[in-house]
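Reader: Before discussing the helix packing and the pocket, may I see the model to which the terms will be applied?

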Amino acid sequence: MHAPEHLVLDIGNVLCEWNPEALVASAFDDPALRPAAFAATVGHPDWVEIDKGLLGAGDAAARAVARSGLDPARVAAIYRNLPDSLVPIEDTHAAAREAH
């Protein structure tokens, strides 16, 4: 039997905790604005295009602002805060190291 050569793991809630609502809240203090911010960013198909490497975060932020009319600095903060929002899940990282 041939051993697998590659292991592919999803980042969100597999390698790292993924809480998109908390990410949006990190940039939008006003809970009343969060649904619109979520819909314009994390909940929009542009987010998937970023994941695919087909759209840069700067362009996605500009498009989200154009769609929503939200504060450009706060929208940009969602994209800027993303790396810090991804907290490693240590058990998964340990399992990946062991599999390696």
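**Helix contacts and the pocket**

Author: Leu23, Val24, Ser26 and Ala27 of α1 meet Arg74, Ala77, Ile78, Asn81, Leu82 and Ser85 of α5, where contact means heavy atoms within 4.5 Å. By class, this contact of α1 with α5 has 6 nonpolar, 3 polar and 1 charged residues. The model is predicted: local features need pLDDT of at least 70 and side-chain atom pairs pLDDT 80 or more, while totals for chains, interfaces and linings use all residues. Residues are numbered from 1 along each chain as its sequence is written, and side-chain values use heavy atoms, with hydrogens and water left out.

Reader: Why are α1 and α5 called oblique to each other?

Author: Helix α1 (residues 20–27) and α5 pack at an angle of about 130°, with their axes 8 Å apart. Angles under 35 degrees count as roughly parallel, over 145 as roughly antiparallel, 65 to 115 as roughly perpendicular and the rest as oblique. The pair α1 and α5 is therefore oblique.

Reader: What makes α4 and α5 oblique?

Author: Helix α4 (residues 57–68) and helix α5 (residues 72–85) pack at an angle of about 140°, with their axes 9 Å apart. By the ranges just given, α4 and α5 are therefore oblique as well. Ala57, Ala60, Ala61, Ala64 and Val65 of α4 make the contact with Pro72, Val75, Ala76 and Tyr79 of α5.

Reader: How do the residues of the contact of α4 with α5 divide into nonpolar, polar and charged?

Author: They comprise 9 nonpolar, no polar and no charged residues. Ala, Val, Leu, Ile, Met, Phe, Trp, Tyr, Cys and Pro count as nonpolar, Asp, Glu, Lys and Arg as charged, and the others, Gly among them, as polar.

Reader: Which residues line the largest pocket?

Author: The lining consists of Asp10, Ile11, Gly12, Trp18, Trp47, Ile50, Asp51, Leu82 and Leu86. These divide into 6 nonpolar, 1 polar and 2 charged. Helix α3 (residues 45–51) gives the largest share, 3 residues. A pocket is an open set of points on a 1 Å grid where a 1.4 Å probe fits, with protein on both sides within 12 Å along at least five of seven lines; lining residues have an atom within 4 Å of a point.

Methods:
Helix = DSSP H or I, 4+ residues; strand = E, 2+ residues; numbered from the N terminus. Axes fitted to C-alpha atoms, helices over the stretch in contact; angles between N-to-C directions.
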